[in-house]
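The following report describes the secondary structure of one chain and the way its strands are paired. Please read it alongside the sequence and the coordinates.

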Amino acid sequence: MDQTRLNELASALQRKGASKPCDRCGHSQFSIIDETLLTMQPLTGGFVVGGGGVPAVVVACNNCGNIWHHALGALNMIPPELKKDAS
Ligand SMILES: [Zn+2]
């Protein structure tokens, strides 16, 4: 991930107020790890190849490693190449 994207994601998280201390250890320093697609699999069985997913950014606590996912859609940060696939 380039520095510009990293800064944009950090700003988006700040705008949404997603900057409170870690809920596990109380530490206040975090790192944006990467962006990912959280894949969805049906609970009723079977494995879907190429199924839907939720584009997300992964954030980790710098002290204890607690990991969060934030949906890029909620942050208005879905990359244009993924928006084309959704239409
Ligand atoms: Zn922590």
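## Strand pairing and the hairpin turn

In this predicted model, Ala-56 has Ala-71 of β3 as its bridge partner, and on β2 this residue also has Thr-36 standing opposite. Ala-56 is therefore a convenient place from which to read the sheet, in which three strands are arranged in the order β1-β2-β3, with antiparallel pairing, and the sheet is open. The edges are taken by β1 (30-39) and β3 (67-71), each of which has a single partner strand, so that one side of each is left without a neighbour in the sheet. Taken on average and with direction ignored, neighbouring strands of this sheet are turned by 30° against each other.

The two pairings can be described in turn. Between β1 and β2, which run antiparallel, there are nine bridges, while β2 (residues 53-61) is joined to β3 by five bridges, again in the antiparallel sense. In general, the strands of a sheet pair through backbone hydrogen bonds, and the pairing can be either parallel or antiparallel. Residues that face one another across β2 and β3 are listed below.

| Residue | Opposite residue in β3 |
|---|---|
| Ala-56 | Ala-71 |
| Val-58 | His-69 |
| Val-59 | Trp-68 |

What do β2 and β3 form, and how many residues lie between them? The two strands form a hairpin with five residues between them, and in its turn Gly-65 has a positive phi of about 85°. Is Gly-65, in the loop between β2 and β3, buried or exposed? Gly-65 has 11 C-beta neighbours inside 10 Å, and because a residue with 12 or fewer is classed as exposed, Gly-65 counts as exposed. With respect to the rest of the chain, Gly-65 is separated from Lys-83 by 18 residues in sequence and by 31 Å in space, taken from C-alpha to C-alpha.

## The helix

Helix α1 covers residues 3-15, which amounts to 13 residues, and the distance from its first C-alpha to its last is 18 Å, close to the 18 Å expected at 1.5 Å a residue. After α1 comes Gly-17, a residue whose phi is positive, near 80°. A positive phi is likewise given for Gly-65, in the turn of the hairpin formed by β2 and β3.

Notes. Residues numbered from 1 in each chain as written. Predicted model: local features only at pLDDT ≥ 70, side-chain atom pairs only at ≥ 80, totals over all residues. Helix = DSSP H or I, 4+ residues; strand = E, 2+ residues; numbered from the N terminus. Expected span 1.5 Å × (residues − 1). Pairing = 2+ DSSP bridges. Axes fitted to C-alpha atoms, helices over the stretch in contact; angles between N-to-C directions. Buried ≥ 20, exposed ≤ 12 C-beta atoms within 10 Å, placed from the backbone.
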